[in-house]
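The exercises below are to be worked with the sequence and the 3D structure at hand. Try each task before reading its solution.

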Amino acid sequence: MRQKYRSVVIGCGNIGVLYEGDRGRLSPKSHAGALAADPRTELVAFVDSDAKKLEFAKKLFSSARTYRVAAECISRERPDIVVIAAPTRTHLPLAQLACRSKVKMLICEKPLSDTPKNASKITRIAEDAGTVL
């Protein structure tokens, strides 16, 4: 069998992970749920500044590690896929971090960035790094 893609979710809010607790939604309900359900991916870690959200994520996905700092997570986990589901204003610096770390794929929640200029920067950074956006 092919090696699984190591995946990290940055931002454990609704679409990152919290929707998994909503019984009224069909599964997968979040980025974390989709990554965990896909046989090609391994959900290895979560990043969030909110300890309660990390605790909820760990409760649902017990094998994944949790971090408060994205740089530490990416350095230690060396993911193939990074999902950015954090506040829009953080997308550019998080995309820069992920692409500098040579992730294979970057999934960025909408809107891509807080300004058209920053959205263009993210696109360029990913393209220059050879990262699928």
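**Exercise 1.** Across which strands does helix α2 lie, and at what angle does α2 run to β3?

Solution. The model is a predicted one. Helix α2 covers residues 51–60 and lies across β2 and β3. Its direction makes an angle of about 170° with that of β3. Angles over 145 degrees count as roughly antiparallel.

**Exercise 2.** Work out the order of the strands in the open sheet, and state which strands stand at the edges.

Solution. Step 1: the sheet has five strands in the order β3-β2-β1-β4-β5, and the pairing is parallel. Strands of a sheet pair through backbone hydrogen bonds, either parallel or antiparallel.

Step 2: β3 (65–67) and β5 (105–108) each have a single partner strand, so one side of each has no neighbour in the sheet.

Step 3: check the pairs one by one. β1 (residues 5–10) and β2 (residues 41–47) are joined over six bridges, and S7 stands opposite L43 in β2. β1 also pairs with β4 in the parallel sense, over four bridges; there the bridge partner of V8 is V82. β4 and β5 are likewise parallel, over four bridges, with V83 opposite I107.

Step 4: for the twist, take the average angle between neighbouring strands, ignoring direction; it is 25°.

**Exercise 3.** Sort I81, V82, V83 and I84 of β4 by the way they point, and decide whether they are buried or exposed.

Solution. In a regular strand the side chains alternate between the two faces of the sheet. In β4, I81 and V83 point one way, while V82 and I84 point the other way. All four are buried.

**Exercise 4.** Describe the largest nonpolar core: how many residues does it have, and which element gives the most?

Solution. Step 1: the core has 23 residues, and V8, I10, V47, V82, I84 and L106 touch the most other members.

Step 2: at least two residues come from each of β1, β2, α3 (70–77), β4 (81–84), α4, β5 and α5. The biggest contribution is that of α4, with six residues.

Step 3: take V47 as an example. Leaving out residues up to four places away in sequence, V47 touches V8, V9, I10, G11, C12, L54, Y67, R68, V69, A70 and C73.

Step 4: another core, of 14 residues, lies apart from the largest one; among its members are V9, V17, L35 and A85.

**Exercise 5.** Determine how many residues of α4 are buried and what they pack against.

Solution. Seven of the 10 residues of α4 are buried, and the helix is mostly covered. The buried ones are H91, L92, L94, A95, L97, A98 and C99. They pack against β1, α3, β4, β5 and α5.

**Exercise 6.** Characterise the packing of α4 (residues 91–100) with α5 (residues 116–129).

Solution. Step 1: the two helices pack at an angle of about 5°, and their axes are 10 Å apart. The angle makes α4 roughly parallel to α5, because the cut-off for that class is under 35 degrees.

Step 2: α4 contributes H91, L92, A95, Q96 and C99 to the contact, and α5 contributes N118, K121, I122, I125, A126 and A129. By class, these residues are seven nonpolar, three polar and one charged.

Step 3: look at I122 of α5. I122 has a relative accessible area of 0% and is therefore buried. Its C-alpha atom is 6.4 Å from that of A95, although the two residues are 27 apart along the chain. Neighbours within four places aside, I122 is in contact with H91, L92, A95, L112, S113 and L133.

**Exercise 7.** Locate the cis peptide bonds at P28 and P111, and the positive phi values of R78 and K102.

Solution. Most residues other than glycine have a negative phi, and most peptide bonds are trans.

- S27 and P28 are joined by a cis bond with omega about -5°; P28 is in the loop between β1 and α1 (31–37).
- The bond from K110 to P111 is cis, with omega near -10°; P111 is in the loop between β5 and α5.
- R78 has phi near 50° and sits in the loop between α3 and β4. R78 is exposed, at 66% relative accessible area.
- K102 has phi near 65° and belongs to the loop between α4 and β5. K102 counts as exposed, at 58% relative accessibility.

How values were computed
Residues numbered from 1 in each chain as written. Predicted model: local features only at pLDDT ≥ 70, side-chain atom pairs only at ≥ 80, totals over all residues. Heavy atoms only, no water. Axes fitted to C-alpha atoms, helices over the stretch in contact; angles between N-to-C directions. Parallel < 35°, antiparallel > 145°, perpendicular 65-115°, else oblique. Contact = heavy atoms within 4.5 Å. Nonpolar A, V, L, I, M, F, W, Y, C, P; charged D, E, K, R; others polar. Pairing = 2+ DSSP bridges. Core = buried A, V, L, I, M, F, W, Y, C linked by side-chain atoms within 4.5 Å. Buried < 20%, exposed > 50% of the residue type's maximum accessible area, 1.4 Å probe, protein only.
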